[in-house]
Amino acid sequence: AASLRRDRVGVGVVVRAQAVETKTKPSAAASTSATNATASADAMESFKVGAARLAIALLPGESGLRSLAGVLPEKYKNTFLGLIDSYKAQMMKATGNDEARASAALVSIFKDMMKAYAGQLIGTPYEFPSHHICMTKENSDFDYYQMANAYIGSLVEFDRSILRYPERFTDAKAALDRGENVVFLGNHQSEGDAAFIPLLTEVSHPGLGEKVTYVAGDRVVTDLLCKPFSMGKNLLCVHSKKHMNDDPSLKSAKMKQNLNTVKEMQKLLKAGGVCIWIAPAGGRDRRQPDGTITPDKFDPAAIEMLRKLGTKKGAAKTHFYPLAMATYDIMPPPAAKEKSIGEERVVNFTGCGLSLGPEIDVDASTAAWARGLPEDADLTVALAEHVWEEVRKEYADIEACNVPGGGPVPLPEGAVRPTRPPSVPVF
């Protein structure tokens, strides 16, 4: 008897289908025919996507970009048109009000984006597995990594940006080169956060940005406008507590994928040489009514999960660092948290900052943060509070760089100006 088993990894859950036992095996001719049909369909899809990308390349200037909005799903059209206007305005600032250069930047960067969207709209939409590998020109028909660097990097005012404690990034990279693990426990401020470690360290710490694997929520792998950018990063896909009950019918599937992702994470930490970035708050920081921004409090359970996996018997040595990110106003989130997909997009040309705090001892028996705690203290909560406080302190020293239209930004102690990397085009 023969049995057929199919495994398909999707946004929610691994689907397994077991065929009914039969006494007759499918003929070789039938199998060959099915294979040929699949290959033919794949070839036709590749041809259509390729033709669409060629057509996009030939479209005339800004008017051509605006006409492309018509091919997007209805709920994204106005968002995309608004984004074109916002991005053009910021390119005017970036180029000193040089209309020709600003227009050239907009057209080049957005045509590249639309080529990425073509693969999702005309081809088979990509479904993210629990562990997604960054798609570049080396392993894909499109360089999603470079597209994100060009789009987000062109919004970075490098002369007002900050990379603080570069020697700690050097230590982290050296640990990775030795086959040890590094975990960055950071705040999260914008949709583009996965691009800032690569952009700000590309010149000073070559190769570090490409090694980072980001723990990503469901929104960045399901929203059409986010999806191609996510495809250009290494991801561990999870569903955060904040959105677990958005659709009760999907809760079980989401929990199953989270379990699969934890298993993948465990494999990576055991193999060693992996750098994981996680935002323990589970979402982006929000500006308060008085205009201030403070990193959201961290979920103790998220940090405890990484601590357990990183110190588990069999895992490679794992280093934990608090990472502050001042990136909010480059791609500011909506004022209120939204459950629906397709939020309004606004961008700004401004500085951004990264500050890597001192390595954290996660062993309560030896760590300074655990000394003097009451006997009945919850060590999981105490560790999360300590990590958050370290991030908050680092953030306070770099946040001034992330003010659109702001003046000169003095370098805080231990900081350098990141060099504009080659991956960001000059127009």
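Author: Buried means under 20% relative accessible area, exposed over 50% and partly exposed in between (1.4 Å probe, protein chains only). This is a predicted model, in which local features need pLDDT of at least 70, side-chain atom pairs pLDDT 80 or more, and totals use all residues. Residues are numbered from 1 along each chain, and side-chain values use heavy atoms, without hydrogens and water.

Reader: What percentage of the residues in the protein chain is buried?

Author: The protein chain has 427 residues. It contains 13 helices and eleven strands, which are DSSP runs (H or I, at least four residues; E, at least two) numbered from the N terminus. Of the 427 residues, the buried share is 49%.

Reader: Among contacts with a separation of 6 or more, what share joins residues 24 or more positions apart?

Author: Contact means heavy atoms within 4.5 Å. Among the protein chain's contacts with a separation of 6 or more, residues 24 or more positions apart account for 77%.

Reader: At what angle do the axes of α3 and α4 cross?

Author: Helix α3 covers residues 74-94 and helix α4 covers residues 99-121. Their axes (lines fitted to C-alpha atoms over the stretch in contact, with angles from 0 to 180 degrees between N-to-C directions) come within 9 Å. Residues making the contact include Phe80, Leu83, Ile84 and Tyr87 of α3, and Leu106, Ile109 and Phe110 of α4. The crossing angle is roughly 145°.

Reader: Which element gives the largest share of the largest nonpolar core?

Author: A nonpolar core is a set of buried Ala, Val, Leu, Ile, Met, Phe, Trp, Tyr and Cys residues joined through side-chain atoms within 4.5 Å. The largest one has 72 residues, of which Phe110, Tyr151 and Phe184 touch the most other members. Eleven residues of this core, its largest share, come from α4.

Reader: Which residues does Phe110 touch, leaving out those up to four places away in sequence?

Author: Phe110 is a member of the largest nonpolar core, and it belongs to the α4 side of the contact with α3. With residues up to four places away left out, Phe110 touches Leu65, Phe80, Leu83, Ile84, Tyr87 and Tyr151.

Reader: How many residues are in the other core, the one with Val238?

Author: This core lies apart from the largest one. Its members include Val238, Ile278, Ala326 and Ile360. The number of residues in it is 39.

Reader: Is Ile293 buried or exposed?

Author: Ile293 lies in the loop between β8 (275-278) and α12 (300-311). Among the residues it touches are Gln189, Asp285, Tyr328 and Tyr395. Tyr328 is 35 residues away in sequence and 8.7 Å away in space, C-alpha to C-alpha. Because its relative accessible area is 11%, Ile293 counts as buried.
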